[in-house]
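Dear colleague,

I am passing on the structure below, together with some notes on its aromatic contacts and a few other features. Please read the notes with the model open beside them.

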Amino acid sequence: HDSLTGLLNRREMERRMQTALENAAIDRSTLAVVMIDLDGFKAVNDRFGHSAGDDFLRHVASALRESVRAGDLIARFGGDEFLVMLERTSEEGAARVAQTMLKTLGASEFFWTGQSMRAKASFGIGMGSGTDATWVTFLERADIACYEAKSRGGNVVKLYRADNSIRMRATGTLAK
């Protein structure tokens with residue numbers, strides 16, 4: 001586990017993703033990996049110091065825990081990046097969970113020395129089945145979608161599909 005947030009760490013998440021992919025191949029289900037990269041986190045550390053940054057990361061971890069389904073796995077993947085694995089889900093289901101996380105983060109106030117701030121993040125969803133990808137492929141898909149979300153100004157959800165297309169508007173509704 002990550003010592004700061006209590007979430008899974010990167011190594012354990014990768015191990016569990018491998019097991020989930022093996023299970024998805026057996027039961028022919030799809031899963032999603034959601035990469036979450038905080039927007040503007042460096043400014044928190046620069047403005048208030050690393051203690052504030054640590055508390056802010058704990059605050060984000062708590063908000064993420066509140067907004068996922070029972071059984072979904074959350075990890076602090078490194079620095080200000082988080083990863084959520086959603087088993088047995090559809091594109092629409094993954095988008096709903098990501099939008100819930102985005103809204104929960106935006107609605108949740110963090111206070112430090114009397115000042116209030118809200119977390120903003122870029123979300124990238126990598127979709128697929130246990131037969132069309134490895135856990136590394138899922139991470140790459142989620143990372144590409146997250147990068148696209150960041151390039152659009154952040155605080156948005158993007159979805160990368162197995163057919164190499166990226167769909168989703170800033171509002172989170174799927175675009176055809």
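F41 is a convenient place to begin: with a relative accessibility of 10%, F41 counts as buried, because the limit for that class is under 20%. Please keep in mind throughout that this is a predicted model, so that every value here is computed from predicted coordinates.

How many aromatic pairs does the structure hold? There are 3 aromatic pairs in the structure, and two of them are described here in detail. In one of them, the ring centres of F41 and F56 lie 6.2 Å apart with the planes at 20 degrees, and the pair is therefore stacked. This pair joins distant parts of the chain, since F41 belongs to helix α2 (residues 41-48) and F56 to helix α3 (residues 50-66), with their positions 15 residues apart in the numbering. F56, at 5% relative accessibility, counts as buried.

F56 also takes part in another pair, with F110: their ring centres are 5.0 Å apart and the planes stand at 75 degrees, so this pair is edge-to-face. Here too distant parts of the chain are linked, from F56 in helix α3 to F110 in strand β4 (residues 109-112), 54 residues apart. F110 has a relative accessibility of 6% and counts as buried. Taken together, F41, F56, F110 and W112 make up one aromatic cluster.

The two helices that carry F41 and F56 can also be described by their packing. The axes of α2 and α3 come within 6 Å and cross at roughly 140 degrees, which makes α2 oblique to α3. On the α2 side, the residues in this contact are F41, V44, N45 and F48, and they meet H50, A52, G53, F56 and L57 in α3. Sorted by class, the contact of α2 with α3 comprises 6 nonpolar and 3 polar residues, with no charged residues.

Two further points concern charged residues. The charged end of R141 sits over the ring of F138, at 5.8 Å from the ring centre. D37, which lies in strand β1 (residues 30-38), counts as buried at 15% relative accessibility. Which residues is D37 in contact with, leaving aside its neighbours within four places in sequence? They are D80, E81, A121, S122, C146 and K150, so that two acidic side chains, by their residue names, and one lysine are on the list of contacts.

With best regards

Note on methods. Residues are numbered from 1 along each chain as its sequence is written. This is a predicted model: local features need pLDDT of at least 70, side-chain atom pairs count only at pLDDT 80 or more; totals for chains, interfaces and linings use all residues. Side-chain values use heavy atoms; hydrogens and water are left out. Rings of Phe, Tyr and Trp (its six-membered ring) pair if their centres lie within 6.5 Å; planes under 30 degrees apart count as stacked, over 60 as edge-to-face and the rest as tilted. Helices (H or I, at least four residues) and strands (E, at least two) are DSSP runs, numbered from the N terminus. Buried means under 20% relative accessible area, exposed over 50%, partly exposed in between (1.4 Å probe, protein chains only). A charge sits over a ring if NZ of Lys or CZ of Arg is within 6 Å of the ring centre and within 35 degrees of the ring normal. Axes are lines fitted to C-alpha atoms, for helices over the stretch in contact, and angles run from 0 to 180 degrees between N-to-C directions. Angles under 35 degrees count as roughly parallel, over 145 as roughly antiparallel, 65 to 115 as roughly perpendicular and the rest as oblique. Contact means heavy atoms within 4.5 Å. Ala, Val, Leu, Ile, Met, Phe, Trp, Tyr, Cys and Pro count as nonpolar, Asp, Glu, Lys and Arg as charged, and the others, Gly among them, as polar.
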